[in-house]
Amino acid sequence: MALPWVLAVLSLLPLMDAHSPVCANLTAVPITNATLDRVSGKWFYIASALREPEYKKASLEISADFFYFAPNKTEDKIELREYQTVNDKCVYNFSYLNVQRENGTISRYEWGKEHFAQLVLLRDPKTFVFAFFLEDEQNRGLTLYADKPEATEEQLEEYYEALACAGMLKSEVVYTDWKKDVCEPVEKQHKKEEEERRKEKDPKEDTASGQDLGDAARPS
């Protein structure tokens, strides 16, 4: 199972009404280090509007989704750690995304080919959109991500504005439901295991911590 945005290959053709700031953002904009800094960290998949039947069907299977982006600016790659709730089960995925800076796209190799998504930064820095198939009325789509599991009304309105720019309707949007997430326990277990591995690699840290506790316990 993949992120909804990797389900199709996008075009970089300009869209319709460029007078709106959001509409202007739906054209290709180069990705910079500042862009990568902005999308670094933990994100939640909020909603998608997908017209291609196969892609839409796949998105309907995802009840909840959150992931971590860790960009490598030198190699133009992004480490992806993703947790999806699919059919009441948690599906974890670790992979790398490729960054095409000049094209303003991020790609992922899957299903025997490379899929590209155009990165769209909205006015709210706590959200962003991936766009694809913008030139194809039958298959175009936009997906929304936010730094919280539930988007605010203002964030959704900006997403709807982007949909309007792409000639899509609010009625086409499919939403996730954070209440159905079953991946939080898996994420916590991964964090625990990562912490244990870190301590094994650096036992001095535990020794130093124990020494501090011992010093604190000694009478003055």
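Start by selecting Asp 76, which sits in the loop between E2 and E3. What you have open is a predicted model, so read each stop on this tour as a feature of that prediction. Check the backbone of Asp 76 and you'll find phi near 55°, a positive value in a residue other than glycine. Most residues other than glycine have a negative phi. As for cover, Asp 76 counts as partly exposed, at 23% relative accessibility.

**Next loop along**

Now pick Asn 87, in the loop between E3 and E4. Here's another positive phi, about 55°, and again the residue is not a glycine. Is Asn 87 buried or exposed? Asn 87 counts as exposed, because its relative accessibility is 56% and the cut-off for exposed is over 50%.

**Into strand E3**

Select Glu 82, which belongs to strand E3, residues 77-86. Its relative accessible area is just 1%, so Glu 82 is buried. Which partners does a buried acid find here? Show the side chain of Gln 84 first: Glu 82 and Gln 84 make a side-chain polar contact at 2.8 Å. Then add Arg 108, whose side chain meets that of Glu 82 in a salt bridge, 3.8 Å from N to O. This pair joins distant parts of the chain, with Glu 82 in strand E3 and Arg 108 in strand E5 (residues 105-110), 26 residues apart. Both ends are under cover: Glu 82 is buried, and so is Arg 108. In general, side chains of opposite charge can pair when their charged atoms come close.

**Over to helix H5**

How many salt bridges does a search of the whole structure find? There are ten, and the next stop takes in two that share a residue. Select Lys 42 and Glu 187 together: their side chains form a salt bridge, 3.3 Å from N to O. It's another link between distant parts of the chain, with Lys 42 in strand E1 and Glu 187 in helix H5, 145 residues apart. Lys 42 is partly exposed, with a relative accessible area of 28%, whereas Glu 187 counts as buried at 4% relative accessibility.

Keep Glu 187 on screen and add Lys 191. These two also form a salt bridge, with the closest N and O atoms 3.7 Å apart. Why is the separation between Lys 191 and Glu 187 about one helical turn? It's because they are four residues apart in helix H5. Lys 191 counts as partly exposed, at 47% relative accessibility. Put the three side chains up together and you have a network of salt bridges linking Lys 42, Glu 187 and Lys 191.

Stay in helix H5, residues 184-201, and move to His 190. At 24% relative accessibility, His 190 counts as partly exposed. Leaving out residues up to four places away in sequence, His 190 touches Tyr 83 and Tyr 92.

**A patch on the surface**

Tyr 92 leads you to the next selection. Add Phe 94 and Tyr 96, and turn on the surface: with Tyr 92 they form a nonpolar patch there, with about 310 Å² of accessible area together. Phe 94 is in strand E4, residues 89-100, and counts as partly exposed at 39% relative accessibility.

**Down into the core**

Hide the surface and go inside. The largest nonpolar core has 27 residues. To see where the contacts inside it are most numerous, select Ile 46, Val 129, Leu 142, Leu 144, Tyr 159, Leu 163 and Val 173. Now colour by element: those giving two or more residues to this core are strands E1 (41-50), E2 (62-72), E7 (127-132) and E8 (141-146), along with helix H4 (153-165). Which of them gives the most? That's H4, with six residues.

Centre on Tyr 159 and show what surrounds it. Setting aside neighbours within four places in sequence, Tyr 159 is in contact with Ala 47, Ser 48, Ala 49, Val 129, Leu 142, Thr 143, Leu 144 and Val 173. Val 129, Leu 142, Leu 144 and Val 173 should look familiar, as they were in the core selection you just made.

For the last stop, select Trp 43, Tyr 45, Val 86 and Tyr 145. They are among the 19 residues of another core, which lies apart from the one you've just explored.

Terms used: Residues numbered from 1 in each chain as written. Predicted model: local features only at pLDDT ≥ 70, side-chain atom pairs only at ≥ 80, totals over all residues. Heavy atoms only, no water. Core = buried A, V, L, I, M, F, W, Y, C linked by side-chain atoms within 4.5 Å. Buried < 20%, exposed > 50% of the residue type's maximum accessible area, 1.4 Å probe, protein only. Contact = heavy atoms within 4.5 Å. Patch = residues over 30% accessible without salt bridge, like charges linked within 9 Å, V, L, I, M, F, W, Y side chains within 5 Å. Areas by Shrake-Rupley, 256 points an atom, 1.4 Å probe, with all protein chains shown as cover. Salt bridge = Lys/Arg side-chain N within 4 Å of Asp/Glu carboxyl O. Polar contact = N/O pair within 3.5 Å; in protein donor to acceptor, adjacent residues only side chain to side chain.
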